[in-house]
Amino acid sequence: MCGIFAYKGYQTNATELVFEGLKNLEYRGYDSWGIAWKKNQQIQVYKQVGKISEASSEPFAEQESTLAMSHSRWATHGAVTQNNAHPHFSSDQSIAVIHNGIIENYQEIRDRLGRSRFSTETDTEVIAELIAEYRKTMDFESAAKKACHEFEGRYAFIAMSQEDDMLIAARRGSPLILGVAAGEWFLASDIPAFLKHTREVNYLDDDQMVVIGEEARFIDLLSDMEIQKRTVTIDWTEEEAQKGDYDHFMLKEIMDQKETIMRAINQNEEEILKIAEYIKKARGVFLSGCGTAGKVCMASEYFFSIVANRHVNFAPASEFPIYHHFLIPESLLIVVSQSGETADVLEAMKVAKEKGAKVLSIVNVQGSSIARTSDFSLQINAGPEKAVASTKAATSQLSLLLLIAYAVAGRLEEGKKLLIETASMINDMLNPRFLKYIKEVADAINHSEHTYIIGKAANYPMALESAIKIQEVSYIHAEGFAAGELKHGPIALITPGTPCIALIAEDEVRQDILNSTMELKSRGAYIIGVSPNMHECFDHWIRVPDAGIASPIVNVIPIQLLAYHLSVLRGCNPDMPRNLAKSVTVK
Ligand code: M6R
């Protein structure tokens, strides 16, 4: 959801600095944006509807300031208008605030303070108004603390005061990270905002506040006590967070898969074996995640079943709480999340922990809330994933979970060998000829309004994932099915020329899925076969290497590319699909 980024330091171009940094967070929200800065003891605000990447920095060029904050919005409360864009002022203009999250009791606070004081439709305005109200009788820090005690819901906010030369920020449930350099502080919802300036960070936890004046002080809001926080050096580089020569992050991140599988499986073996033992001993293992990460979990159910003969249950994180009846202290919940900040996943973890169960997380973002609040955590090391559509994170998650399944089976070395071979095959597959061919396939189906994808066994969840990829970036209606389910209903949708994609592996179910593909062909479907081998029913053959049980990792990549090209051909922006945000930090 929304991106927030603020700066306090000695550089006098703070407005330009936050303007540039915020562009790196645009994937978090892109319906409107705004900046507040202090100049001559006055808070100035500039806000606009639209994408910051398309805006000019001109309004900030002459603004000498050492204190500024910025926000890119993904609307939850209030339409996409300039007035609803952040920063928001208190009615007396003494406090300005940017916020990510939802203040659930905002109506109550509005009623109490008087509705006439509010001029936007947002929940955020109450943060500024309440702090300003308390600031009348106490210092800025005490006013912010007192206000925080009254907020219900989730927030990461940063506040600036007319009277005080400081930034105050607090979090509960939404990410907030402090980047630290000599005499400079960078507050952001995600690291890429300040990667150019520092890699030294302090992660704020829930119910913590940071007060940045002459120095940064941390406060635990539950006890109101000052606390010390550990500084961590993060290992992402600025280059990794840029798109280089690629037109879009999505394409860059698809191509990164030449290397990311190897990085995902490069884990501490002792740690993997310890986790495998835990899985073996657990009484009830659950897998959970949202969207693409959820489909990864679903495919991993098959991995655990086929490779390790273990029954593992998948539930989407938004549905997981209903499983609480089955949770006991000996249960294990494995959560998968690229961002490590997804609210539904955090909620699933909370439910599991309340029952005394343990949580293993598989995340991409180091130090994320999910990573820090789980009992065990593994990082997939895919580097920053900025396109809203998850690509390299998904194949890295699949690779790591397959490796764990092999470890559970007591065959870690065999799993490693298979995945190393798979990584090398993906490296070969992503060659210019292959890329050109996928573009040709996209050209052939570009004008279709519907696409169906079928798969079987671990390729069935990948059919669902392929549908997500095509839907979210090209807006073509796409649906995935278990191949065998076609004849029970969906085949009625097929008319002559309907594009249907079959994800096929060289495994024991190959003939079954080929039979389903022929049934589609008999109804006039236009068949795109993703398969190591050609079949006469294919109108297009996307040739993929034979990766055995790792085939879901290989098969999903051409569909990521296909979705990318469909998006571009249809004039969409694959990096910023409408209505979506990269990190979904609201329930
Ligand atoms: O950061 P997470 O992996 O927890 O995000 C989960 C989903 O929101 C995410 O996978 C979403 O479905 C992707 N945009 C799909 O490409």
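These notebook entries record what I looked up in a predicted model, going from one strand to a sheet and then to a pair of helices.

**Entry 1: strand 4 and its neighbours**

I began with strand 4, residues 67–73, and asked how many of its residues are buried. The strand is mostly covered, since seven of its seven residues count as buried. I then went through the two faces separately, and found Leu-67, Met-69, His-71 and Arg-73 buried on one side, with Ala-68, Ser-70 and Ser-72 buried on the other. I noted beside this that side chains in a regular strand alternate between the two faces of the sheet.

Next I looked up which strands pair with strand 4. Strand 1, residues 3–8, runs antiparallel to strand 4 and is joined to it by six bridges; in this pairing Ile-4 has His-71 as its bridge partner. Strand 2, residues 32–39, is also antiparallel to strand 4 and joined to it by six bridges, and here I found Ser-32 standing opposite Arg-73. His-71 and Arg-73 therefore appear in my notes twice, as bridge partners and among the buried residues of one face, which I list together for reference.

**Entry 2: the parallel sheet**

I turned to an open sheet of five strands, whose order I wrote down as 17-16-18-19-20, with parallel pairing. Which strands lie at the edges? They are strand 17 (313–316) and strand 20 (376–379), each of which pairs on one side only. From one strand to the next, the twist averages 20 degrees.

Within this sheet I followed one pairing in detail: strand 18 (residues 332–337) and strand 19 (residues 358–363) pair in the parallel sense over six bridges, and Ser-337 has Val-363 in strand 19 as its bridge partner. I also looked for a helix against these strands, and found that helix 8 (residues 291–308) lies across strand 16 (285–289), strand 17 and strand 18, running at about 150 degrees to strand 16.

**Entry 3: helix 6 against helix 12**

Last, I examined how helix 6 (residues 257–265) packs with helix 12 (residues 412–429), and noted an angle of about 165 degrees with the axes 8 Å apart. Because angles over 145 degrees count as roughly antiparallel, helix 6 is roughly antiparallel to helix 12. The crossing of the two helices is left-handed.

For the contact itself, I listed Gln-257, Lys-258, Ile-261, Met-262 and Ile-265 from helix 6, which meet Lys-416, Leu-419, Ile-420, Ala-423, Ile-426 and Asn-427 from helix 12. Sorting these contact residues by character gave seven nonpolar, two polar and two charged.

Definitions and conventions. Residues are numbered from 1 along each chain as its sequence is written. This is a predicted model: local features need pLDDT of at least 70, side-chain atom pairs count only at pLDDT 80 or more; totals for chains, interfaces and linings use all residues. Side-chain values use heavy atoms; hydrogens and water are left out. Axes are lines fitted to C-alpha atoms, for helices over the stretch in contact, and angles run from 0 to 180 degrees between N-to-C directions. Helices (H or I, at least four residues) and strands (E, at least two) are DSSP runs, numbered from the N terminus. Angles under 35 degrees count as roughly parallel, over 145 as roughly antiparallel, 65 to 115 as roughly perpendicular and the rest as oblique. A crossing is left-handed if the near helix is turned anticlockwise from the far one by less than a right angle, and right-handed if clockwise. Contact means heavy atoms within 4.5 Å. Ala, Val, Leu, Ile, Met, Phe, Trp, Tyr, Cys and Pro count as nonpolar, Asp, Glu, Lys and Arg as charged, and the others, Gly among them, as polar. Two strands pair if DSSP finds at least two bridges between them. Buried means under 20% relative accessible area, exposed over 50%, partly exposed in between (1.4 Å probe, protein chains only).
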